[in-house]
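User: I should like to go through the reasoning behind several labels applied to this structure. Please set each value against its criterion.

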Amino acid sequence: MSDFSEELIRPKTEDDQEESCVFSGTGMSFPWLQKHIGTVATGGKKEKDFAQTTNACLSFIQEALLKHQWQQAAEFMHSYFQILEDSDSHKRQAAPEIIWKLGSEILFYHPKSNVETFNTFADRMKNIGVLNYLKISLQHALYLLHHGMLEDANRNLSHAETWRYGEKSSSQEVLINLIQAYKGLLQYYTWSKKKMELSTLDEDDYAYNTASQNMLNHSWKTSVNLCALIQTPGVWDPFVKSYVEMLEFYGDQDGAREVLTNYAYDEKFPSNPNAHIYLYNFLKREKAPREKLISVLKILYQIVPSHKLMLEFHRLLRKSEKEDHHKLGLEVLFGVLDFAGCTKNITAWKYLAKYLRQTLMGNHLAWVQEEWNSRKNWWPGFHFSSFWAKSDWKEDKALACEKALVAGILLGKGCRYFRFISKQDDEVLRKKIKRIKKSVKKHSIVNPGL
Amino acid sequence: MRRHTWPRAYSGSQRPLDPFLCCLLVPLSRFLWDHGDIAFAPLGKLMLENFKLEGARSRSKKKTVVSVKSLLQDLGGHQPWGCPWAFLSYRQRRFSIIGGPVLGKSVASLLGALLHEELAMRWEQLLLDDAFTGGALAWVPGRTPQVGQLVYPAGGALDTLCFQEVRLPPGSDPQALGDPGHIRLRGPVRQVVTRTVQGESLLAVRSDYHCALWKVSKQGRAAPLQVLQVGKGATGISLSPHLPGELAVCSRSGAVCLWTPQDGLQQVYKDPETLVFCDPSPWRWADFTAHPRVLTVGDRTGVKIIDTQGPPGCGLLLFRGGAEASCRRGERVLLTQYLGECGPEPQLPTLHLICTQFSLYLVDERLPLVPMLKWEHNLPSAPLWARLLPPPCPGCPRPLLLGGQGGHLQLLHLAGEGASAPRLAGPPQSLPSSSDSLSAFPLLEPKSQWRLQERLKAPTIGLAATIPSSASEPVLSLFQLSAAGDVFHQHLHLQADPGPHSRAPTASWTPQATACCSRWLKALLDVPPTPPVWAAPTFSHRRLLGCMEQRKVEQKGPEGLRAAMAAGRLLRQQDVGSPPSAGPPPAPEPGPEDELSARLEAAWEGRMAAWWERQQGRSSGPGRQPKRRKRRTQLSSTFSSLSGRLDLSDATSPPHSPDRASPEARPRPPVTPPSQESTQELWARGVPSERQQTLRDYMARLPLRGDAPRGVSSPLSGTSSVRATRSRPQTLQDGTAELPPRRNTRRGAAVSSSQTSSVWATPSRQQALRKKPRMGF
């Protein structure tokens with residue numbers, strides 16, 4: 001027994017802010033075992049009464065929060081403040097963050113809470129846990145934003161931006177960047193509002209000049225605020241988007257392209273499909289050559305083959321002169337329809353039906369077979385089962401017809417989906433079904449000789 | 001009285017018998033019962049020359065030879081569990097001296113290793129029991145939205161799969177329709193998964209070493225499709241939301257297989273190592289993604305996306321226990337689940353839920369590694385099941401239920417469809433757990449109250465939920481299966497935005513729920529409590545009887561007592577005869593060379609081993625033997641008189657010491673030994689042929705023979721037979737009592753309430769699953 005329990009308790013590292021956790025020999029921690037072996041964890045000594053009370057109080061607060069008893073949680077919180085005087089320095093240091101987290105949640109939902117209360121609480125907390133100043137400031141600003149108080153939020157962020165404590169650590173730097181970026185985002189918001197106003201004004205108007213001058217100032221400030229964050233690896237979609245929009249507005253196309261290229265292709269950044277989408281949309285606005293657009297979408301295709309831009313990608317590839325682009329065009333369509341979310345995309349089916357015929361007429365049976373080989377054991381069940389034939393026909397006859405054509409080409413006349421649709425007697429679609437039958441007879445890849 | 005040494009697992013400390021050691025003895029004694037041939041046969045062979053198998057009277061001159069017949073006679077008077085404090089005859093004493101060195105070493109080391117393995121396993125299980133990950137309760141929708149089936153395991157070993165049809169009438173409590181259907185399986189059910197794909201309802205079940213697939217017809221009948229054996233043990237099973245009948249199965253070996261009844265098994269991934277960093281847990285999990293040919297493979301350290309058609313070994317990490325998700329130290333993945341359902345319009349087709357012991361993460365497979373959402377759930381037990389439900393009304397956020405092993409439940413609301421990132425709508429909420437319903441029961445006497453509390457506290461092993469799409473008001477029906485075999489139900493009403501001043505909704509029981517729960521409670525309390533698994537042994541009856549008979553001759557106690565009672569007068573000293581002398585039993589007289597005190601002294605000074613060596617050498621010398629023998633007899637007679645007195649007084653006095661079980665404590669009915677034939681053969685091997693018949697005769701008389709009750713076999717034991725028959729039927733009652741209440745309560749139907757749980761039960765699952773210890777071969 002003894003060697004097991006020794007295995008269980010490992011000394012904590014000093015960066016562990018949370019309650020001491022129970023670790024097993026495997027390195028996994030078990031927060032719920034804390035209660036059961038509390039005495040073991042403290043080395044046989046019983047926890048101090050104070051620690052016991054504060055722990056109990058904390059769990060009462062959490063319980064009340066989960067039961068939406070805000071009033072009660074606030075009452076418990078009132079008692080919990082005592083932890084700030086704990087003699088255990090570890091706990092004392094960790095306490096302000098816990099109090100802030102729970103307290104702000106209580107104040108967010110508490111029926112009697114208002115913005116003033118929240119402001120007072122936040123200001124108090126910022127100065128109790130000096131180390132949490134930046135984090136609390138940011139969250140405070142977000143709270144104000146949530147309540148539509150942009151001015152106050154901006155002021156708050158400006159305060160936080162200039163705040164320094166001791167040596168600038170890396171974690172502080174990230175937070176300061178984030179605070180600046182949010183400030184930039186707020187400035188972008190005012191800027192875009194001004195832009196809207198400007199678009200309603202006449203260029204010869206007296207007010208136009210002042211307004212545009214205003215905007216220029218804003219842009220300069222914003223770019224300073226945003227660009228620091230954007231250069232650190234991460235997912236910064238809204239910041240990048242607004243930054244690029246401003247750069248574009250002032251004609252700095254190269255700057256915008258650089259930001260977007262960096263955001264999409266820098267290896268340090270996590271793989272982010274949105275980065276490629278922004279770049280593609282930018283290049284499209286710029287009227288970049290088709291080759292360039294295709295190369296951007298090719299990467300997006302590799303990350304998210306089910307994206308709705310893939311149909312656009314297919315159109316680009318279809319229009320291209322290169323043979324391997326035509327082949328990729330077929331691959332892209334098959335790829336889109338592989339995904340569960342795209343099975344009812346009628347455009348994709350329409351494209352596939354049309355492009356299959358086109359490819360087969362162009363004597364590229366091998367392309368089709370290559371795509372079909374990896375799918376022939378599961379597409380019939382996934383797309384062309386009799387269940388789908390019935391339900392598609394009931395819900396969307398046009399979709400059913402397109403699918404029937406594809407099914408007929410890929411699986412032959414005997415396939416259940418095609419048979420079911422071709423047997424349907426529908427006044428409006430009779431002609432279409434007849435055409436489908438003819439196409440299938442002509443193009444089906446099953447027994448192509450017949 | 002000296003405590004006998006019991007084979008010790010390790011050269012551990014000399015601690016008193018603590019509760020932990022007691023539960024350690026359980027697997028050990030089970031092992032000795034279940035695998036007696038393994039534990040003792042080789043030793044028997046070794047010690048063959050020390051036994052005299054013929055029952056001849058001729059006394060051997062050699063002190064190292066023990067007559068088996070008399071030895072068995074002595075042993076025959078013992079309770080099956082009688083070891084540590086058993087009465088000892090001088091023959092047994094001799095036997096133990098001969099066998100001591102052999103028994104001490106080989107058995108202890110063999111058992112030690114096995115025990116260590118078993119203990120390590122139990123310790124792991126105590127920390128985290130992941131066998132039921134995914135949950136063993138499922139809701140199979142029926143023909144109409146209001147009717148469905150609950151599928152769950154029942155029975156002591158969880159090896160009976162039950163199909164209970166349940167009706168959820170709008171606005172009132174659910175009703176169980178008829179008795180549940182049963183399917184008996186070969187192993188305990190760990191996970192039940194159900195899914196309706198293209199109008200076909202499928203049911204997959206995971207046991208420890210088997211997986212099975214059923215198809216549920218529209219009428220609710222289950223037809224078996226296929227069974228799969230997983231040699232290394234299955235850890236997870238999931239049904240494809242895209243293709244009917246397709247399954248992903250993962251095994252402890254690190255392999256993940258796709259399985260379809262038509263095409264059979266296809267191994268798509270194999271890696272005995274964990275994904276991100278080294279973790280010893282063999283737990284693996286697999287689920288589907290938005291692409292029917294792409295799976296997620298998870299272990300404790302992370303989750304990976306793999307393309308089953310691509311080259312083996314490649315893939316993309318979807319989640320990593322590390323900085324991207326700002327994981328804590330020691331944080332491990334406990335559950336991963338694909339949240340996209342193949343509905344007419346899949347709402348979150350690319351979202352995956354990942355639960356650790358601290359937080360819940362939502363990860364989009366298009367944007368791997370960086371979670372879309374992280375929320376600290378703070379559940380006080382391991383979150384092993386989650387259910388995402390369709391939105392209760394158009395445009396509403398989707399309810400996500402998170403269940404912990406301790407019965408804790410949390411309800412979250414997931415909003416955000418299509419392009420927007422998922423977010424939590426409103427603050428998460430904790431739902432009442434089964435043990436919270438204790439206050440709704442009437443106050444009972446402490447013992448019953450305790451039993452009820454224990455029953456309600458049984459760990460949860462499954463969670464199912466459904467929103468029957470009725471016209472008026474959306475209701476969320478929630479079922480929880482406990483390890484004791486109860487199904488708890490609660491239903492939640494959707495509240496329009498409560499507004500800032502509304503009070504938290506209160507939980508309440510409807511009259512039907514109260515009635516049902518009181519029926520359940522009655523059935524629960526009707527079943528007598530199960531006997532303890534392990535009881536301290538009692539004393540030899542034979543010796544006791546000897547004493548009793550002697551006393552009968554010389555005492556007029558019982559007659560006097562009876563006369564006094566008949567006359568209704570005060571019982572006087574002279575009626576009973578001489579009172580039993582109080583005080584401790586006479587200590588063995590210290591001889592000129594007192595071994596016991598010498599040994600104790602040596603042990604006290606930490607020179608026990610040296611003493612033992614010395615003793616070994618001395619006792620084998622010829623001169624010591626007679627003296628030793630004399631002391632033994634002295635000691636044994638002390639024992640017998642002591643035991644006699646103790647047992648005589650037990651009619652009026654409470655149990656002698658808390659340490660020792662009271663004589664009332666019934667021993668467990670002996671487990672039927674593994675086929676008597678095979679044990680005999682094992683014994684017989686290596687025994688000279690002329691002795692084999694004798695040996696067989698003795699074997700036949702071994703107390704192991706379960707069908708001959710000991711009490712009956714020894715004709716001179718008046719009281720002992722009384723006791724034996726008293727204990728037997730009681731244990732039988734335990735067995736039979738299981739059946740009738742179950743049926744009653746089942747018919748008593750499902751219950752509900754507007755927010756609290758109600759129960760519906762199988763009142764007696766005796767002793768949670770008595771798994772064969774893993775140390776077996």
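Analyst: A residue is called buried when its relative accessible area is under 20%, and exposed when that area is over 50%. The model discussed here is predicted.

User: What makes strand 30 of chain B largely enclosed by the rest of the structure?

Analyst: Strand 30 covers residues 487–493 of chain B, and 6 of its 7 residues are buried, so the strand is largely enclosed by the rest of the structure.

User: How do you know that strand 29 and strand 30 of chain B pair, and in which sense?

Analyst: Pairing requires at least two bridges. Strand 29 (residues 475–482) and strand 30 of chain B share 7 bridges, in the antiparallel sense. One of the bridge partnerships joins B:Val475 to B:His493 in strand 30. The hairpin has 4 residues between the strands, and B:Gly485 takes a positive phi near 100 degrees there.

User: Why is the link between B:Cys393 and B:Cys396 called a disulfide?

Analyst: The criterion is a pair of cysteine sulfur atoms within 2.5 Å. The sulfur atoms of B:Cys393 and B:Cys396 are 2.0 Å apart, and the pair therefore qualifies. Over all chains the count is 1 disulfide.

User: Why is B:Cys393 called partly exposed, and is B:Cys396 buried or exposed?

Analyst: B:Cys393 has 24% relative accessibility, which lies between the 20% and 50% limits, so it counts as partly exposed. B:Cys396, at 18%, falls under 20% and is therefore buried.

User: What makes B:Cys162 buried?

Analyst: Its relative accessible area is 1%, under the 20% limit, so B:Cys162 is buried. B:Cys162 is in no disulfide; the nearest cysteine sulfur, that of B:Cys516, is 16 Å away.

Conventions. Residues numbered from 1 in each chain as written. Chains lettered and ligands numbered in written order. Predicted model: local features only at pLDDT ≥ 70, side-chain atom pairs only at ≥ 80, totals over all residues. Heavy atoms only, no water. Buried < 20%, exposed > 50% of the residue type's maximum accessible area, 1.4 Å probe, protein only. Helix = DSSP H or I, 4+ residues; strand = E, 2+ residues; numbered from the N terminus.
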